[in-house]
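Visitor: Before we look at the model, I would like each label to be justified by its cut-off. Could we take them one at a time?

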Amino acid sequence: MKTDKPTTKIIAGKYKGKILELPSLDITRSSKARLKESLFNVLQFDIIDKIFIESFAGSGSIGLEAISRDAKRSYFIELDKYSYQILLKNCKAVDMEKCQTVQGNTFVQTPLILEFLRNSKDEIVLYVDPPFDYRDGMEDIYEKSFAMIRNIEVDNIYIIIIEHVSSLEMPEVLGKFSLNKTKQFGKSSLSYYSYTKN
């Protein structure tokens with residue numbers, strides 16, 4: 001019987017080729033390589049020295065890719081205990097000193113981390129990737145995510161990226177942030193939000 005664990009690789013940067021473990025795919029889905037590649041093609045050198053926050057982190061593959069490409073630090077928030085153990089293992093395999101992991105509720109922890117970083121001179125990239133599967137209690141996950149972003153009061157956010165199911169109509173405006181563009185990758189899409197220009 002084949003028991004190979006699902007894995008993904010870091011695409012580029014100083015940890016290029018490093019293999020990351022993934023939780024079983026019925027708990028979380030790995031962000032597809034094409035989507036991840038496109039995300040970092042958009043961010044390119046803008047990721048350097050930024051703080052990266054990955055909400056609903058799963059294996060942490062997005063935030064660890066950011067570290068590989070010289071983000072200053074990544075914060076990871078994951079609720080599921082099993083996924084969190086794998087996240088920790090992956091962070092240790094890459095660069096634990098640049099990783100801050102939190103096991104807890106994204107809607108509680110993300111605002112706390114943003115508040116903690118409020119007076120920092122560092123700019124923040126916030127990546128929000130709610131689970132796709134509408135398991136019990138997940139029906140309003142996107143509405144909760146939008147509400148969390150609407151309530152952001154800090155001024156040092158560089159960009160907010162939401163990974164979402166492609167069929168979802170994304171709001172043009174979320175609080176202080178406006179939709180710049182959406183890129184589709186099959187069933188998944190990435191939407192980019194930045195401060196609304198006055």
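Guide: A charge sits over a ring if NZ of Lys or CZ of Arg is within 6 Å of the ring centre and within 35 degrees of the ring normal. This is a predicted model, in which local features need pLDDT of at least 70 and side-chain atom pairs count only at pLDDT 80 or more, while totals for chains, interfaces and linings use all residues. Residues are numbered from 1 along each chain as its sequence is written, and side-chain values use heavy atoms, with hydrogens and water left out.

Visitor: What makes arginine 73 a charge over the face of tyrosine 75?

Guide: Arginine 73 lies at 5.9 Å from the ring centre of tyrosine 75, and the limit is 6 Å, so the label applies. Lysine 181 likewise lies over the face of tyrosine 192, at 5.3 Å from the ring centre.

Visitor: Why is the aromatic pair of phenylalanine 52 and tyrosine 127 called stacked?

Guide: Rings of Phe, Tyr and Trp (its six-membered ring) pair if their centres lie within 6.5 Å, and planes under 30 degrees apart count as stacked, over 60 as edge-to-face and the rest as tilted. Here the centres are 6.2 Å apart with 25° between the planes, so the pair counts as stacked.

Visitor: What does the pair tie together?

Guide: Phenylalanine 52 lies in strand 3 and tyrosine 127 in strand 6 (strands being DSSP E runs of at least two residues, numbered from the N terminus), so the pair ties together parts that are 75 residues apart in sequence. Phe40, Phe52 and Tyr127 form one aromatic cluster.

Key:
Helix = DSSP H or I, 4+ residues; strand = E, 2+ residues; numbered from the N terminus.
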